[in-house]
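Please look over the structure below with two topics in mind, the surroundings of the ligand and the way the protein chain divides into domains.

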Amino acid sequence: MNISVIGTGYVGTVSAACFAELGHKVICVDIDRSKIDQINAGIPPIYEEGLSELLKKHAGKNLSATSDYDFALMNSEVSLISVGTPSDPDGNIDLGIVRAASTSLGAALKNKNGYHVFVVKSTVVPETTEKVVLPIIEKNSGKHQGDFGIAMNPEFLREGKAVYDFMHPDKIVVGSMDKRSGDIVASLYRGLECEITRTNPRTAEMIKYANNAFLATKISFSNEIGNICKELGIDTYEVMKAVGKDFRIGPNFLNAGAGFGGSCFPKDVKALIGKAKEIGYEPILLKSVIMVNEGQPGRMVWLLKSRIGTLKGKKITVLGLAFKNDTDDIRESRAIPVIKELLDNGAIVSAYDPMANENMRKIFKRVEYHSSAEDALRGSDACLVMTEWDEFKSLESEFDVMKNKLLIDGRHMLTPKRDIEYIGLCW
Ligand code: UGA
């Protein structure tokens, strides 16, 4: 099949490379010239494990990139819309980029004969495909649904493991308004061993939100239990390890700590809250999921103050800046509110992250960034661990250079050392 992929963010680029690997001919479309040049040269515009190899293999053969919507539409039968869906200042979904892409696609469709299917892959709140994307394409093309197909096909890719997740899906959801377009979208995944869930677009949109909201709820639930455990002198990791043995609950995503960050969970839960409110429903549980999450970074600083008192003039080391391990992405990282509070309290902040120092420097110029944990820890009054990087597990002699050996772990990464005061956030 010939596919065009609109938007070369992590979902668009990974999907494009993986569809090429599955044997399709793929054209990426983006307005950013530098990304187009990179993809055509076989260089990934983002870091994702395994992506570089796929781009090298397929660029210039069955994978190319352009900014020309007309060319992309003329040379494909299916267009995947995988552009960003950021939050507006109130946390509601901002569909501006989806609207712009739909407008361009509609205009390009006007000049095309033959059936074409438009597939929304971006995470959009229920009803968006039917009530926003479809009417825009109809208006700009002068055609009607049926002349072309429309579908929604959410992604469930973890950042850092996106190529693996694409190739080994535990679910594929295809929501279409008619059988013909749904069949075409389902056929794109031929070759992958996975049952395909067929539904309508709004159900597919909701499956994506329910999935992310449930995972976020598991984390906030674990954090709340963890906060109670902490007060009672109980190790929440012992508790949740046993709880997770219940087959109805499962052992994953029960790790209490500094909370969830990233470009998806915080944004998606807030967008679902916004959609619920729009239809007159007050989503109490979802609001609490966000509240618990937003409280965790403050608990780190509160624990710190309870041990060393005022932070004014004290040197505090933050280990881990990325929102999770194996990425340089700092979007909604729990390190951000922690660093802000430390600086607001007059602390001198030194930091180390294996990949994310440069990205954090764009937000906090006053932080001292180091290229190793040991350098960041030198002369420090306390250390806060904010990201679950594997290399932190083996830190030991590095702590010897601290002035005061106090370690507050927000990710359950370290085992207590003899001469270190070790404090777990929820254990
Ligand atoms: C998440 C979902 O896991 C993907 O399935 C989904 O496709 C993606 O969002 C998306 O909507 O695009 P991602 O944001 O890459 O993927 O990150 P996760 O690995 O899920 O971790 C999210 C955050 O939760 C991290 O900050 C992590 O530290 C935190 N977390 C995770 C916990 O605090 N506790 C846990 O037990 C697990």
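The notes that follow take these two topics in turn.

This is a predicted model, in which the protein chain is divided into domain 1 (2-199) and domain 2 (202-427). The shell around the ligand draws at least three residues from each of these two domains.

**Surroundings of the ligand**

- The ligand is surrounded by 22 residues, the closest of which are Glu-159, Lys-208, Asn-212, Phe-323 and Glu-388.
- By character, the residues of this shell divide into ten nonpolar, four polar and eight charged.
- An oxygen atom of the ligand is 2.9 Å from an N or O atom in the side chain of Glu-155, and an oxygen atom of the ligand is 3.0 Å from an N or O atom in the side chain of Lys-324.
- At Leu-157 the partner is a polar backbone atom, which lies 2.9 Å from an oxygen atom of the ligand.
- The ligand exposes 720 Å² when taken alone, and the protein buries 94% of that area.
- Two or more residues of the shell come from each of α9 (201-232) and α11 (265-278), and α9 gives the most, with three residues.

**Contact between the domains**

- The C-alpha centres of domain 1 and domain 2 lie 33 Å apart, and the contact takes 28 residues from domain 1 and 24 residues from domain 2.
- Between them the two domains bury about 2,200 Å², with 55% of it on carbon and sulfur atoms.
- Of the area that domain 1 buries against domain 2, 27% is supplied by Thr-123, Pro-126 and Glu-159, more than by any other three residues.
- Glu-159 appears under both topics, since it is also one of the closest residues to the ligand.

Definitions and conventions. Residues are numbered from 1 along each chain as its sequence is written. This is a predicted model: local features need pLDDT of at least 70, side-chain atom pairs count only at pLDDT 80 or more; totals for chains, interfaces and linings use all residues. Side-chain values use heavy atoms; hydrogens and water are left out. A residue is near a molecule or strand if one of its heavy atoms lies within 4 Å of it. A polar contact is a pair of N or O atoms within 3.5 Å; within protein, one must be able to donate a hydrogen and the other to accept it, and residues adjacent in sequence count only if both atoms are side-chain atoms. Accessible areas come from the Shrake-Rupley method with a 1.4 Å probe; for residues, only the protein chains shown count as cover. Helices (H or I, at least four residues) and strands (E, at least two) are DSSP runs, numbered from the N terminus. Ala, Val, Leu, Ile, Met, Phe, Trp, Tyr, Cys and Pro count as nonpolar, Asp, Glu, Lys and Arg as charged, and the others, Gly among them, as polar. Domain bounds come from an automatic or database domain assignment. Contact means heavy atoms within 4.5 Å. Buried area is the accessible area (1.4 Å probe) that two parts lose on being put together, summed over both.
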